[in-house]
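Me: I have a new model open and I'm not sure how to read it. Could you walk me through a few features?

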Amino acid sequence: MIEIKNVSKRFGKLRVLREITLTIPYNQITAIVGPNGSGKTTLIKSILGLVNIDSGEIFFDGSNISKNISYRSRIGYMPQVGHYPENLRVIEVIELIKSLRIDVARKETDSLIQLFSLEPYLDKFIRNLSGGTIQKISAVISLMFDSDVYILDEPTAGLDPVAVVELKNLIRERKNRGATFIVISHQLSEIETYADRLVFMLNGRIVIDNEIHSFIESVGKESLEQSIIYFLKEQNKILINNGYNI
Amino acid sequence: MDITYKITKFQIQNVFRSLWLVVYAIGLALSTSLIIYFTNDSSKVVVSLLTIVLVLNPLVSILFGSIYIYNAREFIELVLTQPIERSFLFYGLFLGLLIPFVLVSLLGLGGPLFLSGIVEVSLAVNLLAMGILVQTIFISLGIFVTICVSDKSMGLGIAFLVWLGLCWIYDGFILFISFAFQDYPLEKLLLVLTILNPIDLARITILTKLDTAAMLGVTGAIFQTFLEGASGNIIAFCMIILWIIAPLLVAYRKFIRKDF
């Protein structure tokens, strides 16, 4: 279980995270959603140890992550946009990341390469690849580890429709095997089809933290998209009535 | 250290395949060969090569180093999400940049120099060693700038200014002092000012080893006496090492705490 307790982060004068408290339970797909600049990426970077938080604590299975880096061997991370050394071949990039960890199942990597149809590209240089192919490499790199937790930042952006379906199936399959997923996405209709939990961020705060279907039911709308729009409008009304400027 | 080795190995592979570096290596070998071919005098060859070693090499090192680290930013992020210490990645980045540059200098500069045999071996070794040390300083400075300045265009501008300052503006400053206070005994002050700048220190160290050192006048004689003595040699060496370590140490401390 990942526990985030009163986490705040500033970049200069900009408050990116404001006393965030959140629990991410195991074996669920938690979708983190919110407009640009709401703090989603900073939040996951804080979990990954890429960003040093100003205050608060983050626990991974009860251990404070600032004290030990070994928890990262249990996380697979897919960045929003993959940038790899352009003079390396695809296979070399995969081998490099694999060589930094020991928990890689060889068969898993091979089947992922096959799944995303990357075999013809393995000996090609990164500089010669399209954005979509690079995104597939990111997917392979994040999923080739037998991790307990996978953090995926906009995983389907730039992927072709077949790869999107394969990735979503893979996420469901891994979840059934006990894995936990944290997914950042702007595709609300897509999230609705596979995520269990919704965390909606706005201006560095969490404004919704609920099971997706419970949230839709509580708002009384048909889809997640409509529910969020309705919820935000209601929030704005409350804030305006309380004298806040939106 | 195993992690540092792995990162360094992949970095070297990546840097060596860069078209930029290949063109630079060929250009370096070609210019060195042409200088040797058209200049028959050993001292003249060394003085001409000093321009490459102390002006061109530092510029290429600091700019290439900075551009490389800026372009690798997202990849650095991905590597840092793995269970590895940041320090190992930092050493890997530094060594992965330094080793290809040292090899390029050895091949492009050292190769033609040793093959031609025009310059005395000890002098050629001195020139090459000084060139590699100065190159290392500018790679350290490049890493320092990229870790401290997140904005790429601003960082590259600062890297260029650092090179400009150490290679040209500092000399202008020394010249200004020499002219403005020419009626005063400035030899010791000039010695201190020269030691403070690694480019000037490297230049004087090489020049005082040439037959033409006598043409440098009283100041040259003072430099020669200083650099031929054991304490002078130690001070000069320590200053160069300090120029490598200081920026690297500050960059390392920043890198360990940096937000990516």
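**Reading the strands and helices**

Reply: Sure. Keep in mind that this is a predicted model. Let's begin with a strand pair in chain A: strand S4 (residues 55-60) is joined to S5(A) by two bridges, and the two run antiparallel.

Me: Which residue of S5(A) stands opposite A:Phe59?

Reply: That's A:Asn64.

Me: What is the strand order of the open sheet of four strands in chain A?

Reply: Reading across, the order is S2-S1-S4-S5, and the pairing is antiparallel. Strand S2 (14-24) and strand S5 (63-64) of chain A stand at the edges with a single partner strand each, so one side of each has no neighbour in the sheet.

Me: Let's try another strand. How many residues of strand S7 (residues 149-153) of chain A are buried?

Reply: Five of its five residues are buried, so to speak a mostly covered strand. Look at where they point: A:Val149, A:Ile151 and A:Asp153 face one way from S7(A), while A:Tyr150 and A:Leu152 face the other way, and all are buried.

Me: And which strands are joined to S7(A) by bridges?

Reply: Strand S6 (residues 75-78) of chain A is joined to S7(A) by four bridges, and these two run parallel. Here A:Met78 has A:Leu152 in S7(A) as its bridge partner. Strand S8 (residues 180-184) of chain A is also parallel to S7(A), with five bridges between them. There, A:Asp153 has A:Ile184 in S8(A) as its bridge partner.

Me: Can we zoom out? What does the whole of chain A look like in terms of helices and strands?

Reply: Chain A has eight helices and 10 strands. Its C-alpha atoms fill a box of roughly 60 × 40 × 35 Å along the principal axes. Buried residues make up 41% of its 246 residues.

Me: What does the radius of gyration of chain A tell me?

Reply: You hold it up against the value for a compact globule. With 246 residues, such a globule would have a radius of gyration near 18 Å, and chain A has 19 Å, which agrees. You can also look at contacts: of those in chain A with a separation of 6 or more, 68% are between residues 24 or more positions apart.

Me: Now the helices. How do I describe two packed helices?

Reply: You give the angle between their axes and the distance between the axes. In chain B, take helix H5 (residues 86-116) and helix H11 (residues 230-257): their axes come within 10 Å and cross at roughly 140°. H5(B) and H11(B) are therefore oblique to each other. The crossing of H5(B) past H11(B) is right-handed. On the H5(B) side, the contact is made by B:Arg86, B:Ser87, B:Phe90 and B:Phe94, and H11(B) brings B:Leu248, B:Tyr252, B:Phe255 and B:Ile256.

Me: What about helix H3 (residues 42-71) and helix H6 (residues 121-148) of chain B: at what angle do they pack?

Reply: About 25°, with their axes 8 Å apart. That angle is under 35 degrees, so H3(B) and H6(B) count as roughly parallel. H3(B) also passes H6(B) in a right-handed crossing.

Me: Last one: how many residues does each chain bring to the contact between chain A and chain B?

Reply: Chain B brings 22 residues and chain A brings 23 residues. On the side of chain B that touches chain A, helix H1 (2-16) and helix H4 (73-80) each supply at least two residues. H4(B) gives the largest share of that side, six residues.

Definitions and conventions. Residues are numbered from 1 along each chain as its sequence is written. Chains are lettered from A and ligands numbered from 1 in the order in which they are written. This is a predicted model: local features need pLDDT of at least 70, side-chain atom pairs count only at pLDDT 80 or more; totals for chains, interfaces and linings use all residues. The radius of gyration is taken over C-alpha atoms; the globule rule is 2.2 Å times the number of residues to the power 0.38. A residue is buried if 20 or more other C-beta atoms lie within 10 Å of its own, exposed if 12 or fewer, and partly exposed in between; C-beta atoms are placed from the backbone. Two residues are in contact if their C-beta atoms, placed from the backbone, lie within 7 Å. Two strands pair if DSSP finds at least two bridges between them. Axes are lines fitted to C-alpha atoms, for helices over the stretch in contact, and angles run from 0 to 180 degrees between N-to-C directions. Angles under 35 degrees count as roughly parallel, over 145 as roughly antiparallel, 65 to 115 as roughly perpendicular and the rest as oblique. A crossing is left-handed if the near helix is turned anticlockwise from the far one by less than a right angle, and right-handed if clockwise.
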